[in-house]
Amino acid sequence: MTCRSCLILLLILPLLFATSARATEDSLNIVATTTQAADLIRILSADLDGVSFTALMGAGVDPHLYQPTESDIVAMNQAEMVIYSGLHLEGKFDAVFEALSEQGVAIYALSDPVKDAGFVIGGYDLSEALINVDDPHFWFDPRNWQLTVADLAETLAALDPANAAGYRAKAAVYIEQLQLLYDWADAGMRSVAEGQRYLVTSHDAFQYFGAAFGWRMQAIQGMSTEDEAGVGDILETVDFVVNNEIPVLFVESSIPPDTIEAVIEAVRAQGWEARIGLRELFGDAMGEPGSFGGAYVGMLAQNALTIMQSYQCMGVAVVIPPWPPDLLPQPPDDLWNADCEGSATG
């Protein structure tokens, strides 16, 4: 058993056995910043009495660049708890979070349990103002998300004792779902020969994803989309693609495709044929609510499926495992059955 597995097991135990009676009938109003945060609180609070939440960012919104609006500030001031991703992902919110905390609002960073457990990727230089910051895209490893789910459930249970049993029970079920997701994606992604496991994307959001499933990463932009890609970044990526004979590059849903298209054009000018993946990858934001990619499980599964199918369409040997029957939501038929003539840009 890995160290990470031990931590998850220790966090699951109270979820399975602890119970609590409702102490008050007071409501709990929660605000979630990112789409991932909103999806998680939706799952943990579903059908629980007196719990409501507001999501600030919508599908395809870039949290690196998102500026809190006046209505966002009002919603957070009226909340008992604000849940955010952390590690400077919501860089424009720092002063707001500090002020809210001073007013007694509970501020919870989803990245904290992952950071505390030692599973964040660090050592990046963002700017003169932020040196050696951690990579904020921790949720792309489902094992990290398991740690977050367990810790958030305990935090909610302490804040809202009346619903403690509900939070813990829902978290325990969801953690099992995340294990099914990880096992499915890991089997498929590692079916690609190790020397062909390269993922080239618009910006550096997939280091955790690559580490989880044994793929090497290359991105044109840095960790934050505030970092503009220059000619040197594009040329470096072109050399990487040609030298490693990478057949597919991927556009992200929250970033314009311009830089990837520039790399594709330059790669072809050097005599190597590469194409854009069958679909956009979900990067910093998930899909529309109610869609497969609008839930965390669907978002991560669709990314893995898009990568596997795109490589398969280019003649790379890939074994896509059957979808686990107990893992929800089920992928739609039009997603599962790839059209090799399609692409992210049509």
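# Salt bridges, a disulfide and a pocket

Asp 186 forms a salt bridge with Arg 190, and their closest N and O atoms are 2.5 Å apart. What you're looking at is a predicted model, where local features need pLDDT of at least 70, side-chain atom pairs count only at pLDDT 80 or more, and totals for chains, interfaces and linings use all residues. Residues are numbered from 1 along each chain as its sequence is written, and side-chain values use heavy atoms, with hydrogens and water left out.

**Charged pairs**

A salt bridge here is a side-chain nitrogen of Lys or Arg within 4 Å of a carboxyl oxygen of Asp or Glu. That rule gives a count of six. Here are some of them, with each residue's relative accessible area (buried means under 20%, exposed over 50%, partly exposed in between, with a 1.4 Å probe and protein chains only).

| Pair | N to O | Acidic residue | Arginine |
|---|---|---|---|
| Asp 186 and Arg 190 | 2.5 Å | Asp 186: 17%, buried | Arg 190: 35%, partly exposed |
| Asp 141 and Arg 143 | 2.8 Å | Asp 141: 3%, buried | Arg 143: 21%, partly exposed |
| Arg 268 and Glu 273 | 3.2 Å | Glu 273: 48%, partly exposed | Arg 268: 42%, partly exposed |

**Helix H6**

Arg 143 from the table brings us to helix H6, which covers residues 142–159. (Helices, H or I with at least four residues, and strands, E with at least two, are DSSP runs numbered from the N terminus.) H6 has 18 residues and reaches 25 Å from its first C-alpha to its last, close to the 26 Å expected at 1.5 Å a residue; the expected span is 1.5 Å times one less than the number of residues. Plenty of names turn up on its buried list, including Pro 142, Trp 145, Leu 147, Val 149, Leu 152 and Leu 156.

**One disulfide**

Search the whole structure and you'll find one disulfide, meaning a pair of cysteine sulfur atoms within 2.5 Å. Cys 313 and Cys 340 are the partners, with their sulfur atoms 1.9 Å apart. The pair ties together distant parts of the chain: Cys 313 sits in helix H11 (residues 296–313), while Cys 340 is in the segment after helix H12 (333–336), 27 residues apart. Their link is left-handed, with -75° about the S-S bond. Cys 313 is partly exposed at 23%, and Cys 340 is partly exposed too, at 35%.

**Backbone oddities**

The loop between H11 and H12 also holds Pro 329, and a cis peptide bond joins Leu 328 to Pro 329, with omega about 0°. His 88 isn't a glycine, yet it has a positive phi of about 70°. You can spot His 88 in the loop between strand E3 (81–84) and helix H4 (94–102), where it counts as partly exposed at 39%. Glu 245 also has a positive phi, near 50°. This residue lies in the loop between helix H9 (231–243) and strand E7 (248–249) and is exposed at 53%.

**The largest pocket**

A pocket is an open set of points on a 1 Å grid, with protein on both sides within 12 Å along at least five of seven lines, and lining residues have an atom within 4 Å of a point. The largest pocket contains about 280 Å³ of space. Of its 17 lining residues, Thr 35, Ala 38, Asp 39, Pro 289 and Gly 294 are the closest to its centre. Helix H2 (35–45) and strand E2 (51–55) each supply at least two lining residues, and H2 gives the most, with four.

Technical notes. On a 1 Å grid over the protein atoms alone, a cavity is a set of points where a 1.4 Å probe fits but cannot get out, and a pocket is an open set with protein on both sides within 12 Å along at least five of seven lines; lining residues have an atom within 4 Å of a point. Grid points are joined across faces, edges and corners, and a volume is the space filled by probe spheres set on the points.
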